[in-house]
Structure formats: C-alpha cells, structure tokens
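User: I have a model open and want to test the labels attached to it. Take me through them one by one, with the reasoning.

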Amino acid sequence: MMEKLTSLNSRLTTTESKFEALENDKAESASRAISLELYAAGILKLSSCKDISTILNVRVNGTYKIQPGNTVQPFNVNCRFNGNTVITSISHDSENEIQVSDCDTEKCYHRNIHYDVSMTQLRALIQLSTTQCRQYIKYRCRGSVLQLGVWAGFESWDGELKRYWGGSGGVHRSCSCGVTGTCADTSKKCNCDKNDGVWREDSGYLSQEEDLPVTKLYFGDANLAGGEFGHHTLGQLECLET
C-alpha cells in the first residue's frame, strides 16, 4: 500500500510540474503575442535588432522597424541573427564594386554615398551603448595608388576628410598591411601604393564609430589609357550586438 501511495504521489508531482510548465508556456506565448501586436501597431518601440530577438523572441532574418532614440523617427533596417550575434545593417546606393572613372590628378574622382535613412537616424543607431558598428571598404587596383590623404580618402559622417583605410584601426595614412608590415612594398603603407602593373587590393573594416558612416569616397591616379585602374567597394553600415 505504501509503495502504491508513493508512486501515486510521484506521478501527481510530475503531472503538476507539467501543468505548471504548460501554464508558463501559455503565459509566455500570450505575452509574446501582445508584444507582437503592440510592435505591429507602432506602440512598442524597439531600439535595435537585438530587441527584436530578446523582446519579441523573433530570430528570422529580414526587415524590421526600429527606433534607437526618442528623438528620431522609426526606420527600417535589415536584421541578421547569427548564433549569439545579432547584426543591424543599413543599405546605401554604392554597395556593388564601382570602377573609378578616367582621371589622373589627386582626388579627382569622388562618389557621394546615399543611405536609405537619414544621418540623424544612422548616428542614433551608432551611438547605442550596446552596439559595435563597422563598415567594410575595399580598393582593388592596378597601377593606381591610394596614398591616403593625397590621392585618396573618404569623408566621415560630418564631412571631414579621413586619411586611413579599413583594417588599420584608424592609423593615419595606413591600410591594414601597413599596420602589420606585410604590404607588397614593405616601405609603403598600402598594397596599392606599390603602383605597379599587378592587380592588388587594400581592404578591411572601418571601426572608428566617431567617423561612421562613410559619406564620400575620393580616388585618383586612374589614367585608363595608361593602364591605371581602380575599383572601390563600400559595404553596408553594420552594428553588432551579442
């Protein structure tokens, strides 16, 4: 008899635990449903893609609306969920590789970058304390130098000419190979500054948040008839959270 009572009590405890877990799941589902409804109605404001994951419990890559500050209007971003990392990204009109047009003087070529949202909204996202933002940049060259600040460079979000390149950590007039001492010509700070007839590349992430996003690109030394070629690529603004 005692064994039967013990077994019955054990099964009763298990049933109660399952019922409690089921009730908790129902409560969480109801809470999520309410949050989704409030978000869809524009009442619940989320500051980044991380909030989409943690508050709405949604981890499906796609376009979502965020508001990273009370002083900016909500805007659409692309959210990517990669393991524990969440990436909020903003597109612009110059993401594909573009050839530098024929010109052969210092910074004779320039390309203005137009983003899908306003600069105020972009800067609000960048200034979130939970995000780490970056932007990929690449120059593919043959006989076309960078010589940052002289022949080439980029403008920061507030229009200031910057004289460093992706992967350099902001080191003045340097590409990533200049920091590591691995440039094609080790006396130079960028691979393209070897300025020969071989296709070369300087690339990496710009991660100095006080300068992001890039708003303008400058290049020169691209005399097409003389065999000087340059192609630039600028990635989306990406802000990572873990």
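**Labels and their grounds**

Analyst: Strands β5 and β10 run antiparallel and are joined by four bridges. One facing pair there is Arg111 and Leu217 in β10. Bear in mind that this is a predicted model.

User: What makes β5 and β10 a pair of strands?

Analyst: Pairing needs at least two bridges. β5 and β10 have four, so the criterion is met.

User: How do you know that β7 pairs with β8?

Analyst: Two bridges join β7, residues 153–155, to β8. The cut-off is at least two bridges, so this counts as a pair. The strands run antiparallel. Glu155 stands opposite Leu161 in β8. Glu155 also stands opposite Lys216 in β10. β7 and β10 are antiparallel too, over three bridges.

User: Why are β5 and β8 called edge strands?

Analyst: The open sheet has four strands in the order β5-β10-β7-β8, paired antiparallel. β5 (109–112) and β8 (161–162) each pair on one side only.

User: What makes both faces of β10 covered?

Analyst: Lys216 and Tyr218 are buried on one side. Leu217 and Phe219 are buried on the other.

User: How many disulfides are there, and how do you know that Cys49 and Cys79 form one?

Analyst: The structure holds six. For Cys49 and Cys79, the sulfur atoms are 1.9 Å apart. The limit is 2.5 Å, so the pair qualifies. The link is left-handed, with -80 degrees about the S-S bond. It connects distant parts of the chain: Cys49 in helix α2 (residues 49–54) and Cys79 in strand β2 (residues 75–82), 30 residues apart.

User: Why do Cys49 and Cys79 count as buried?

Analyst: Buried means under 20% relative accessible area. Cys49 has 0%, so it counts as buried. Cys79 also has 0%, so the verdict is buried again.

User: What about Cys141 and Cys192: which way does their disulfide turn, and what does it tie together?

Analyst: The S to S distance is 2.0 Å. The torsion about the S-S bond is about -100 degrees, so the disulfide is left-handed. Cys141 lies in strand β6 (residues 132–142), and Cys192 in the loop between α4 (176–180) and β9 (200–206). The pair therefore ties together parts 51 residues apart in sequence. Both cysteines are buried.

User: Why is the disulfide of Cys177 and Cys183 given its handedness?

Analyst: Its torsion about the S-S bond is about 85 degrees, so the disulfide is right-handed. The sulfur atoms of Cys177 and Cys183 are 2.0 Å apart. Cys177 and Cys183 are both buried.

User: What is the pairing when the bonded cysteines are numbered in sequence order?

Analyst: The pattern reads 1-2, 3-4, 5-12, 6-11, 7-10, 8-9.

User: Why is α3 described as largely enclosed?

Analyst: Six of its eight residues are buried, so the rest of the structure largely encloses α3. The buried residues are Gln121, Leu122, Arg123, Ala124, Leu125 and Ile126. They pack against β1, β2, β3, β6 and β11.

User: What makes a nonpolar core, and which residues have the most contacts inside the largest one?

Analyst: A core is a set of buried nonpolar residues joined through side-chain atoms within 4.5 Å. The largest core here has 49 residues. Ile52, Ile90, Tyr139, Leu146, Trp165, Leu217 and Phe219 have the most contacts inside it. Elements supplying at least two residues each include α2, α3, β6 and β10.

User: Which residues are in contact with Trp165?

Analyst: Neighbours within four places in sequence are set aside. Among its contacts are Ile137, Tyr139, Leu146, Leu148, Phe154, Cys175, Leu206 and Phe219. Lys138 and Asp202 are also in contact with Trp165.

User: How much of the protein is buried, and where is pLDDT under 50?

Analyst: Of the 242 residues, 43% count as buried. Mean pLDDT is 88, and 83% of residues reach 70 or more. Residues 18–31 stay under 50. The model gives residues 18–31 zero contacts beyond four places in sequence.

Conventions
Residues numbered from 1 in each chain as written. Predicted model: local features only at pLDDT ≥ 70, side-chain atom pairs only at ≥ 80, totals over all residues. Heavy atoms only, no water. Buried < 20%, exposed > 50% of the residue type's maximum accessible area, 1.4 Å probe, protein only. Contact = heavy atoms within 4.5 Å. pLDDT = per-residue confidence, 0-100.
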